[in-house]
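Biologist: Got a minute? I've never looked at this one before and would like a quick tour.
Modeller: Sure, let me pull it up.

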Amino acid sequence: LRGAFLFSRAASRFMMRSRYGRIITIASVSGLIGNPGQCNYSASKAGLIGMTRSLSKELAKRKITVNAVAPGFIESDMTQALGSSILDEVKKRIPVGRVGTAEEVAACVLFLASSASSYVTGQTLTVDGGMIG
C-alpha cells in the first residue's frame, strides 16, 4: 500500500502538469471479500481500493483517471502451489469453471489505460470469472 501511494503521488505530479493520465492499481478480490488466513493481504488490498477511490476524486478535474483491477484466481506459480485437488475445488466456485490468465488481466488494464475508458474513474474492475458475482 505504501509503495502504491508513493508511486501514485510521484506519477500524479507529472500527470497534473500534463493535464492527462491514467493510474491503475492492482488489487485483489481478497480486498473486496476477504480470505481466511490472509488478513494482512486482504487489508492491504482493501486499502489500495480505498486509496484508488479517493485519489480518483482528487485528480478527476485534471483529466486523470484512477482505477483498480481486482483479479481473482489467476494461473500462476502461486495457484499451482495449491495443488490440483484444491484447485479443482476452487474452480467449482468460479462460474466460468476455470482460473483466469495473466493475459485476461492485462487486457483489462489495457482498456483502463486507453482513451476508451476516459469516463471510468474510481472503479474496481473485478476479473474473477464471476466468482464474487
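Modeller: One term before we start: a residue counts as buried when its relative accessible area is under 20%, as exposed when it is over 50%, and as partly exposed in between. Also, keep in mind that this is a predicted model.

Biologist: Okay, so what share of the chain is buried?
Modeller: Of the 133 residues in the chain, 36% are buried.

Biologist: And how many helices and strands are there?
Modeller: The chain has 6 helices and 3 strands. Reading from the N terminus, the order is α-β-α-α-β-α-α-α-β.

Biologist: What are the overall dimensions along the principal axes?
Modeller: The C-alpha trace spans about 50 × 30 × 25 Å. As for how the chain is tied together, take the contacts between residues at least 6 apart in sequence: 72% of them join residues at least 24 apart.

Biologist: Let's start at the front, with H1. What span should it have, and what does it have?
Modeller: Helix H1 covers residues 2-18, which is 17 residues, so at 1.5 Å a residue it should span 24 Å. Its end C-alpha atoms are 25 Å apart, which agrees.

Biologist: Where does H1 bend?
Modeller: At Ser12, by about 25°. Ser12 is also one of the buried residues of H1, along with Ser8, Ala11 and Met15.

Biologist: Why might a helix have residues a few places apart on one side?
Modeller: An α-helix has 3.6 residues a turn, so residues three or four places apart point the same way.

Biologist: And what covers the buried residues of H1?
Modeller: The cover includes strand E1 (21-26), helix H3 (39-59) and strand E2 (64-71).

Biologist: What comes right after H1?
Modeller: Arg19 does. Arg19 sits in the loop between H1 and E1, and its phi is positive, about 55°, although Arg19 is not a glycine.

Biologist: Is Arg19 buried, exposed or partly exposed?
Modeller: Partly exposed, because its relative accessibility is 44%. Lys63 is another residue other than glycine with a positive phi, near 60°. Lys63 lies in the loop between H3 and E2, and at 57% relative accessible area it counts as exposed.

Biologist: Switching to serines. Where is Ser28?
Modeller: Ser28 is in the loop between E1 and helix H2 (30-33). It counts as buried because its relative accessibility is 6%.

Biologist: Which residues does Ser28 touch?
Modeller: Setting aside residues up to four places away in sequence, Ser28 touches Tyr41, Lys45, Ile49, Val69, Ala70 and Pro71. There's a polar contact as well: a polar atom of the Ser28 side chain is 3.0 Å from the backbone nitrogen of Ser30.

Biologist: What about Ser44, which element is it in?
Modeller: Ser44 is in helix H3. With 27% relative accessibility, Ser44 counts as partly exposed. Its side chain reaches the backbone oxygen of Tyr41 at 2.9 Å.

Biologist: How far apart are Ser44 and Ser84?
Modeller: Their C-alpha atoms are 28 Å apart in space, and the two residues are 40 apart in sequence.

Biologist: Now the loop between H6 and E3. What's the status of Ser117 there, buried or exposed?
Modeller: Buried, with a relative accessible area of 0%. That loop runs between helix H6 (102-113) and strand E3 (124-127). Leaving out neighbours within four places in sequence, Ser117 is in contact with Arg22, Thr65, Phe111 and Leu112.

Biologist: And which residues does Ser118 touch?
Modeller: Ser118 is in the loop between H6 and E3 too. Not counting residues up to four places away in sequence, Ser118 touches Arg22 and Thr65. Ser118 and Ala60 are 58 residues apart in sequence, with their C-alpha atoms 10 Å apart in space.

Biologist: Last topic, pockets. What's the volume of the largest pocket?
Modeller: About 440 Å³. The lining has 22 residues, and those nearest the centre are Ser30, Asn35, Gly72, Phe73 and Met78.

Biologist: Which elements give two or more residues to the lining?
Modeller: H2, helix H4 (77-80) and helix H5 (84-92).

Biologist: Great, thanks for the tour!

Technical notes: Residues are numbered from 1 along each chain as its sequence is written. This is a predicted model: local features need pLDDT of at least 70, side-chain atom pairs count only at pLDDT 80 or more; totals for chains, interfaces and linings use all residues. Side-chain values use heavy atoms; hydrogens and water are left out. Helices (H or I, at least four residues) and strands (E, at least two) are DSSP runs, numbered from the N terminus. The expected span of a helix is 1.5 Å times one less than its number of residues. The bend at a residue is the angle between axes fitted to the seven residues ending there and the seven starting there. Buried means under 20% relative accessible area, exposed over 50%, partly exposed in between (1.4 Å probe, protein chains only). Contact means heavy atoms within 4.5 Å. A polar contact is a pair of N or O atoms within 3.5 Å; within protein, one must be able to donate a hydrogen and the other to accept it, and residues adjacent in sequence count only if both atoms are side-chain atoms. On a 1 Å grid over the protein atoms alone, a cavity is a set of points where a 1.4 Å probe fits but cannot get out, and a pocket is an open set with protein on both sides within 12 Å along at least five of seven lines; lining residues have an atom within 4 Å of a point. Grid points are joined across faces, edges and corners, and a volume is the space filled by probe spheres set on the points.
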